[in-house]
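Q: Could you take me through one small part of this protein up close, and then show me how the surroundings are packed? I'm new to this, so plain words please.

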Amino acid sequence: MARALDLAARGWGRVQPNPLVGAVVLADGEVVGEGHHAEFGAPHAEAVALAAAGSRARGSTLVVTLEPCAHQGKQPPCVDQVIAAGVRRVVVAIRDPNPIAAGGGERLAAAGIEVEYGLLGREAAAQNAAFLHHARGEIRPFVALKLATSVDARIADRDRRSRWISGAEAREYVHWLRAGFDAIGIGGATARHDDPSLTVRGPLRPRVVPRRVVFAPALNLRLEAELIRSAHEVPTAVVAGADAFQWEMGRALAAAGVELIPAESLDEALAALAERGVGSLLVEGGGRLAGALLRAELVDRLYWVQSPIWLGERGVPAFSGLPSLPLASVERWHPVERRALGDDTLLVLDRACSPD
Ligand code: AOF
Ligand code: ZN
């Protein structure tokens, strides 16, 4: 199953809003076929793995990260292919919560196939967090915060300089990460100070280029900013109060090709993004936007890259404006990944505990 999860991850940036799925066919203790869902609308992982196994799939065990589908969608139902291939046993990490596709396990069992659920279920749920978020009926986008900080959780030095807090591996990781999100967000102050381009510049080409979203309630932006200057090439939106767009700056942004999204609150902003097809949003700072999203309980996941430096008390805090609750009543988040990125450390935390 660990191998199937690794295979599934290869679909990152290419399959959303569909799930990441990986599958392995085992016969006589040996891997005889592997597959993953590689492209939105393309063959499902199980079909790819079974095709690779060929006749060796007869009597085999199919290990798959998501319950095989029972529906005719852009692809035929996987359960029919599993049954036709003569698979004896199917090991599933998580059930398919998509009501249209669900019920595959029961169909397999009815055909006399042994079905087990839950192996590495937590890991599989974490891998498909955005897909599961929407399957639960959530309308707003899946929201992740990505922050690169010092050991003392500062996102910039005392002069607000933040470039190169983290090292090359971490920056490469961020480009990979961006490719799997529908939108990349930042706050207005960060757009002004850092002038980032928020594009995907790694080896992984996303199927759909993530749109860039600047949350700038006061519309305090510079037209010369990289994000604005390139708005005709890379989709870019600015979220602000409806009144702000009446000003000169609103007209100038529209003329620069920026989409204006009126919203009076973060809730409204996320609803407006969802209406525009944004299912997942990666927010890359700054501290005020991060703090506001956390306060409003709108963050589902935190990608935290910590670098071995200290920026001190005058450095810019990663999360500003959070209430100081007594220890007994603070919410505990759940680590879903910890790993080294060069000298930096990646910690991924989920707010909700994924189901087993
Ligand atoms: C995938 N890839 O490997 C598996 C999926 O429209 P379709 O035919 O691509 O079906 C999409 C649904 O099929 C998806 O929401 C999920 O419930 C189920 N399984 N989907 O994209 C796969 N196994
Ligand atoms: Zn399928």
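A: Sure, and keep in mind that this is a predicted model. Let's begin with Thr 65. Skipping its neighbours within four places in sequence, Thr 65 is in contact with Met 1, Ala 4, Leu 5, Ala 8, Leu 20, Val 21, Gly 22, Ala 93, Ile 94 and Ala 124. Thr 65 sits in strand β3, which covers residues 61-66. With a relative accessible area of 2%, Thr 65 counts as buried, because that value is under 20%. One of its contacts has a polar side to it: the side chain of Thr 65 reaches the backbone nitrogen of Gly 22 at 3.1 Å.

Now for the packing. The largest nonpolar core has 38 residues, and among those with the most contacts inside it are Phe 181, Val 214 and Leu 219. Elements that each supply at least two residues of this core include β6 (142-150), α7 (168-179) and β16 (344-350). Domain 1 (2-121) and domain 2 (138-350) each give this core at least three residues. A second, separate core has 35 residues, including Ala 4, Leu 5, Ala 57 and Ile 113. Two of those names should ring a bell: Ala 4 and Leu 5 are also in contact with Thr 65.

Last stop, the metal. The zinc ion (ligand 2) has His 44 (ND1), Cys 69 (SG) and Cys 78 (SG) as its protein donors, 2.0 to 2.3 Å away. Along the sequence, these donor residues follow the spacing H-x24-C-x8-C. Like Thr 65, both Cys 69 and Cys 78 are buried.

How values were computed: Residues are numbered from 1 along each chain as its sequence is written. Chains are lettered from A and ligands numbered from 1 in the order in which they are written. This is a predicted model: local features need pLDDT of at least 70, side-chain atom pairs count only at pLDDT 80 or more; totals for chains, interfaces and linings use all residues. Side-chain values use heavy atoms; hydrogens and water are left out. A nonpolar core is a set of buried Ala, Val, Leu, Ile, Met, Phe, Trp, Tyr and Cys residues joined through side-chain atoms within 4.5 Å. Buried means under 20% relative accessible area, exposed over 50%, partly exposed in between (1.4 Å probe, protein chains only). Helices (H or I, at least four residues) and strands (E, at least two) are DSSP runs, numbered from the N terminus. Domain bounds come from an automatic or database domain assignment. Donors are N, O and S atoms within 2.8 Å of the metal (3.2 Å for Na, K and Ca); water is not among the atoms, so sites may look incomplete. A polar contact is a pair of N or O atoms within 3.5 Å; within protein, one must be able to donate a hydrogen and the other to accept it, and residues adjacent in sequence count only if both atoms are side-chain atoms. Contact means heavy atoms within 4.5 Å.
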